[in-house]
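Here's a quick briefing on how this chain packs together. Have a look at the model first, then we'll go through helices, cores and salt bridges.

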Amino acid sequence: AILYLLDERGSALTITSTSGLSPARLKGYTPSSTDVVLAGAMLSGKPVITNEAPDVTRGKVVVRRALAAPIITKSSGTIGVLELINRHGKSAFTSTDAEALATVASQAGRAIMAERERTERERAERLTTIGRMLSGVVHDLRTPLTLISGYTELMASSEEPAERERYARSVVKQIDLMTAMTKDLLAFARG
């Protein structure tokens, strides 16, 4: 079985998952928009059965028989294709097989959309949290920046080397504090 999903632009099918086929056997295979089986399922919105598939390959796999069902969702329409190739034995794919695969494809569509929605929800929550955290960090950065500004003015007006050194250490301490806040924010943002 091969699971194809449309890319983010919705313009090309990509292999998302396989079962029963090693990746080495599919190496170099890129789904084509002119593929009779895949395009037929995508465009018709119905399963396509091909029990004699001349000149159809999937990488190093010569396709003799194929059954493809579109993955259709209520919210996004057709998002991909689930394909079975080269049924074991000499028996052909039947309309009963097509109905069963269409049911599996429908369930797969629901599961894929639920996962996409969950991922999007998590991303939105993370962005909201980052925004709040960033707001807090910016607020917290004001204090060290104000102190650094004050210390540098005092340094500029001081004639005493020891006093200037003390102000310089205070500036370095505030910069270290700001660096730590920035690292914490970046670590959180990266996950």
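**Helix packing**

Helix α3 (residues 95-157) packs against helix α4 (residues 161-190) at an angle of about 170 degrees, with the axes 9 Å apart. That makes α3 roughly antiparallel to α4 (angles over 145 degrees count as such). Bear in mind that this is a predicted model: local features need pLDDT of at least 70, side-chain atom pairs count only at pLDDT 80 or more, and totals for chains, interfaces and linings use all residues. Numbering starts from 1 along each chain as its sequence is written, and side-chain values use heavy atoms, leaving out hydrogens and water.

- The residues of the α3–α4 contact split into 23 nonpolar, four polar and five charged.

**Nonpolar cores**

- The largest nonpolar core (buried Ala, Val, Leu, Ile, Met, Phe, Trp, Tyr and Cys residues joined through side-chain atoms within 4.5 Å) has 19 residues, and Tyr4, Val81 and Ile85 have the most contacts inside it.
- β1 (2-6), α2 (36-44), β6 (66-73) and β7 (77-85) each supply at least two residues of this core, and α2 gives the most, with four.
- A second, separate core has 13 residues, including Leu82 and Ile112.

**Salt bridges**

- The count is seven salt bridges (a side-chain nitrogen of Lys or Arg within 4 Å of a carboxyl oxygen of Asp or Glu).
- Arginine 58 and aspartate 35 meet in one at 2.6 Å, N to O, and both are buried (under 20% relative accessible area, 1.4 Å probe, protein chains only).
- Asp35, Arg58 and Glu83 are linked in a salt-bridge network.

Note on methods
Buried < 20%, exposed > 50% of the residue type's maximum accessible area, 1.4 Å probe, protein only. Axes fitted to C-alpha atoms, helices over the stretch in contact; angles between N-to-C directions. Parallel < 35°, antiparallel > 145°, perpendicular 65-115°, else oblique. Nonpolar A, V, L, I, M, F, W, Y, C, P; charged D, E, K, R; others polar.
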